[in-house]
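Student: Could you pick one part of this model and look at it closely with me? I'd like to know how the residues there sit, and then how the rest of the chain is put together around its ligand and its interior.

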Amino acid sequence: MDALELLHQRRSMGKLAGPAPAEEQLDAIYRAALRAPDHKEMTPYRFIEFSGEGLDRLGELFARSDYQANPHIDEGALDSARKKPKRAPMIIAVIATITPGLSKVPPVEQIISAGCAAHAMLYAAYAQGLGAMWRTGTYAHDKTVWQGLGLGEHEELIGYLYLGQPGGRYPDAPVRNPGDFVERRR
Ligand SMILES: Cc1cc2nc3c(=O)[nH]c(=O)nc-3n(C[C@H](O)[C@H](O)[C@H](O)COP(=O)(O)O)c2cc1C
C-alpha cells in the first residue's frame, strides 16, 4: 500500500476478531508510534498491552470503577463492564507521560505528541491488514482506572487502541472536500 493511499483510506474497525496481532506486527506498530512528532525529543508516552487474562483483569478494573461511582449498580451492569475489553483480542492503552514545568514544551504539546503516536499506531495496524479502533469513554478518564493501571501523577490515559483481525466490512470513508477546511492566503 502506497503511503498516501494509507493516509487517505485508513478506517477504524470496531468489530474485531482473533488472533491478536503477531509479535512482528506489534513491533511495527510500536516503531510507528516512536516516530511521532516530538518537540525536544521528550518521547512523552508509554503503552500498556493487554491480551488473554490481561483483558479479564482490565474488565475487572472497569467494573470496579463503575462500582465505586455507584455502589448500588446491579450485577448485570457490572458484568457488561467486565466484558467491554473482550471486544478485541488485544488492547493497547496509550498513556501520555507529561513532564510539567517546561515553558517550551507545555503539557498540551506532550499530550498531542502522545496522540500522534496513537494515530501512527492506527496507520501501522491498518497497513498490515489489522483492524483497530481508538476508544475512550468513561474508563479512559476515570481516576480509579488510572490508579489501577498504575498511572503516575503526571500521566494521562489518552485512549485504548482495540486491535485484532477486521471482523466486518469497512464502511465507506466519508467524502470531505479539503476546500471546506482550507483558507488560502497567497
Ligand atoms: C481521542 C478519541 C477518542 C475516541 N473515542 C471513541 C469511543 O470511545 N467510542 C467510539 O465509538 N469511537 C471513538 N472514537 C472514534 C473512533 O476511533 C473512529 O475514529 C471513528 O469511529 C471514525 O472512524 P474512522 O477512524 O474510520 O474515520 C475516538 C476517536 C478519538 C480520536
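Tutor: Happy to! Let's start with a term: a residue is called buried under 20% relative accessible area, exposed over 50%, and partly exposed in between. Please keep in mind that this is a predicted model.

With that cut-off in hand, let's take the loop between α2 and β2, where M42 lies. M42 has a relative accessibility of 22%, so it counts as partly exposed. Setting aside residues up to four places away in sequence, M42 touches T99, L102, V105 and Q110. For a sense of distance across the model, compare M42 with P89: 47 residues separate them in sequence, and their C-alpha atoms are 31 Å apart.

The loop between α2 and β2 also holds K40 and T43. For the backbone here, some background helps: most residues other than glycine have a negative phi, and most peptide bonds are trans. K40 is not a glycine, yet its phi is positive, at about 65°. T43, again not a glycine, has a positive phi of about 40°. Their accessibilities fall into separate classes: K40 is exposed because its relative accessible area is 53%, while T43 is partly exposed because its value is 42%.

Another backbone feature turns up at P19, in the loop between β1 (16-17) and α2 (23-33). The peptide bond joining G18 and P19 is cis, with omega at about -5°.

Now to the ligand. Around it we find R10, R11, S12, M133, W134, R135, T136 and G137. By class, this shell consists of three charged, three polar and two nonpolar residues. For S12, it is a side-chain N or O atom that lies 2.5 Å from an oxygen atom of the ligand. W134 brings in its backbone instead, with an N or O atom 2.7 Å from a ligand oxygen. T136 likewise uses a polar backbone atom, at 2.9 Å from an oxygen atom of the ligand. On its own the ligand has 610 Å² of accessible area, and the protein covers 54% of that.

What about the interior? In soluble globular proteins, nonpolar side chains tend to be buried together. Here the largest nonpolar core has 25 residues, and F50, F62, L149, L157 and Y160 are those with the most contacts inside it. At least two residues of this core come from each of β2 (45-51), α3 (53-69), α4 (75-83), β3 (90-97), α6 (143-149) and β5 (155-166). The largest share, five residues, is supplied by α3. F62 gives a good view of how distant parts of the sequence meet: beyond its neighbours within four places, F62 is in contact with A81, K84, P85, Y139, V145, Y160 and Y162. There is also a second, separate core of 23 residues, with Y30, A36, M90 and A118 among them.

Two further residues are worth a visit. V94 has its place in strand β3, and V94 counts as buried because its relative accessible area is 1%. Apart from neighbours within four places in sequence, the contacts of V94 include R46, F47, A114, A118 and M121, as well as E156, L157, I158, G159 and L161. L7, by contrast, lies 87 residues from V94 in sequence, with 21 Å between the two C-alpha atoms.

T144, in helix α6, is buried too, because its relative accessible area is 13%. Its side chain makes a polar contact with the side chain of Q68, at 3.1 Å. Beyond residues within four places in sequence, T144 is in contact with Q68, S65, R64 and L61.

Finally, follow the chain to R176, in the segment after β5. R176 is exposed because its relative accessible area is 60%. Between R176 and E24, which are 152 residues apart along the chain, the C-alpha separation is 34 Å.

To return to your chosen close-up: M42 is partly exposed, and in the loop that it shares with K40 and T43, K40 has a positive phi of about 65° and T43 one of about 40°.

Technical notes. Residues are numbered from 1 along each chain as its sequence is written. This is a predicted model: local features need pLDDT of at least 70, side-chain atom pairs count only at pLDDT 80 or more; totals for chains, interfaces and linings use all residues. Side-chain values use heavy atoms; hydrogens and water are left out. A residue is near a molecule or strand if one of its heavy atoms lies within 4 Å of it. A polar contact is a pair of N or O atoms within 3.5 Å; within protein, one must be able to donate a hydrogen and the other to accept it, and residues adjacent in sequence count only if both atoms are side-chain atoms. Accessible areas come from the Shrake-Rupley method with a 1.4 Å probe; for residues, only the protein chains shown count as cover. Ala, Val, Leu, Ile, Met, Phe, Trp, Tyr, Cys and Pro count as nonpolar, Asp, Glu, Lys and Arg as charged, and the others, Gly among them, as polar. A nonpolar core is a set of buried Ala, Val, Leu, Ile, Met, Phe, Trp, Tyr and Cys residues joined through side-chain atoms within 4.5 Å. Buried means under 20% relative accessible area, exposed over 50%, partly exposed in between (1.4 Å probe, protein chains only). Helices (H or I, at least four residues) and strands (E, at least two) are DSSP runs, numbered from the N terminus. Contact means heavy atoms within 4.5 Å.
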